[in-house]
Amino acid sequence: MTETVTTPAAARLEPVGPRVWTTVVLVGFVGQLAWTVENMYLNVFVYNTITSDPTVIALMVAASAVAATLATMFIGTASDRVRKRRPFIAIGYVLWGLTTAAFGLIQPDAGAQAAQAVGLAVVAVIALDCIMTVFGSGANDAAFNAWVTESTTSRNRGRVDGVLAVMPLLSLLVVFGALDGLTQAGEWGLFFGIVGGSTAVVGVVAWFLVREPAQVQTTSDGYVASLIHGLRPSSVRANPRLYVLLIATAVLGVSTQIFIPYLIIYIQRYLLIDAYAIVLASVLTVASIVSVLGGRVIDRVGKVRAIIPAIAIMVVGLVAMAFVRDMLSVIAAGIVMMAGFMLTAASLSASVRDVTPLDRVGMTQGLRMIALVLIPMVVGPFIGAAVIIGANETYVDLGVVKQVPTPWMFVAAAIVAVLVIIPGLVLRRMPEPTFAEVEA
């Protein structure tokens, strides 16, 4: 596997076609709606209806991360072999939507305290979560992300990834505004049904909307050899920039996963802010605008050069989040934190696309998932859970003592985020690649 060669940050920006933008926005956004359910609301579902034990949430997150990574590796490599992305995107989204809606069939008894009843409910949710994640990761993380890489160039990826970085937060904002009332009313079946149905519909639309990239390439080696190619030491030696970028991505991901799974619970139960939807809506709206505008800046100044300033903004926001308590202060600190996160994520993601080998785009999505999902979601939530348990803050709900997240999780996240500076400095000292990229 040889490193893709692209031009250094180009002074000339390249436009993105309207069909590509439509696909990026529609497929990317609705996919993130489903991930919002899996990454945040499923945690709230478990916390409110099954158990408040943060270790259970950490276990669920870790299990889905393993499923997501394996699915991306296997399906990404398969899409390389057949040189097609559209069927994996369209069919995958339909199956993803159906399994998301199936969460509504799980009706745990919120008042049941028997260990057996709680245990069965936990097993059912984790199992369905893993099945849903396989379909979602195969369609979105493997096929859709490979399609984005092949449908963009080094001169417009900063803008595209700036928009994609907004999608998780924009989807969360939409869910808060349109569907959060259902969760507060306990209408989880309808909630999961609406999100799952929307995802399946977009899968049908994607069949007619997505066009196969003209430059889909593949290799002559077998499926198994292609699957494990990126894990070989020789591949690391041949692609040093790619793997340093993946290390930075993993560190950033661990930092965010320390607090993200517990964020809504923290705002509700520790800060006692009933209007948490207003807080998150304000933060997500402003931070999203910053990310979209920042994508153009990233393309102009250079993706690697943007990493350290962006992570510095995030760290400032994380430290501030550990001290603020009132609504306005939380909004201000949250904007800084999330804007820094999205700018860092966009810089890293676009940089990874630039050095992705064009004959192994799908396979590389598996490596990306190891860094973006597997390592962060296995390590981060358990760090967060340990911090929460160590702080030992509790409250009583209907006679049941429940643990509550504390501000110390933001301090832990900031300490980890600072480590992104190390690979950032290494990348700056590495020679810029010269370009021979086959561009769309």
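Contact means heavy atoms within 4.5 Å. This is a predicted model, where local features need pLDDT of at least 70, side-chain atom pairs count only at pLDDT 80 or more, and totals for chains, interfaces and linings use all residues. Residues are numbered from 1 along each chain as its sequence is written, and side-chain values use heavy atoms, with hydrogens and water left out.

**Exercise 1. Find the partners of Leu318, then place Leu318 in the core.**

Step 1. Skip residues up to four places away in sequence; Leu318 then touches Ser255, Phe259, Met337, Phe410, Ala413, Ala414 and Ala417.

Step 2. A nonpolar core is a set of buried Ala, Val, Leu, Ile, Met, Phe, Trp, Tyr and Cys residues joined through side-chain atoms within 4.5 Å. Buried means under 20% relative accessible area, exposed over 50%, and partly exposed in between (1.4 Å probe, protein chains only).

Step 3. The largest such core holds 132 residues. Leu318 is among those with the most contacts inside it, along with Ile89, Val125, Phe191, Phe259 and Phe410.

Step 4. Helix 1 (residues 18–49) gives this core its largest share, 16 residues. Helices (H or I, at least four residues) and strands (E, at least two) are DSSP runs, numbered from the N terminus.

**Exercise 2. Decide whether Lys303 is buried or exposed, and find its polar partner.**

Step 1. Lys303 sits in helix 12 (residues 303–321).

Step 2. Its relative accessibility is 9%, so Lys303 counts as buried.

Step 3. The Lys303 side chain makes a polar contact with the side chain of Asp354, at 2.9 Å. A polar contact is a pair of N or O atoms within 3.5 Å; within protein, one must be able to donate a hydrogen and the other to accept it, and residues adjacent in sequence count only if both atoms are side-chain atoms.

Step 4. Beyond four places in sequence, Lys303 also touches other residues, including Ser154, Arg157, Gly158 and Ile298.

**Exercise 3. Locate Ala67 and list what it touches.**

Step 1. Ala67 lies in helix 2.

Step 2. Ala67 counts as buried because its relative accessibility is 13%.

Step 3. Leaving out residues up to four places away in sequence, Ala67 touches Cys130, Thr133 and Val134.

Step 4. Now take Asp129, 62 residues from Ala67 along the chain: the two C-alpha atoms are separated by 9.0 Å.

**Exercise 4. Describe the whole protein.**

Step 1. The protein has 16 helices and 2 strands.

Step 2. Of its 440 residues, 59% are buried.

Step 3. Take contacts between residues at least 6 apart in sequence: 88% join residues at least 24 apart.
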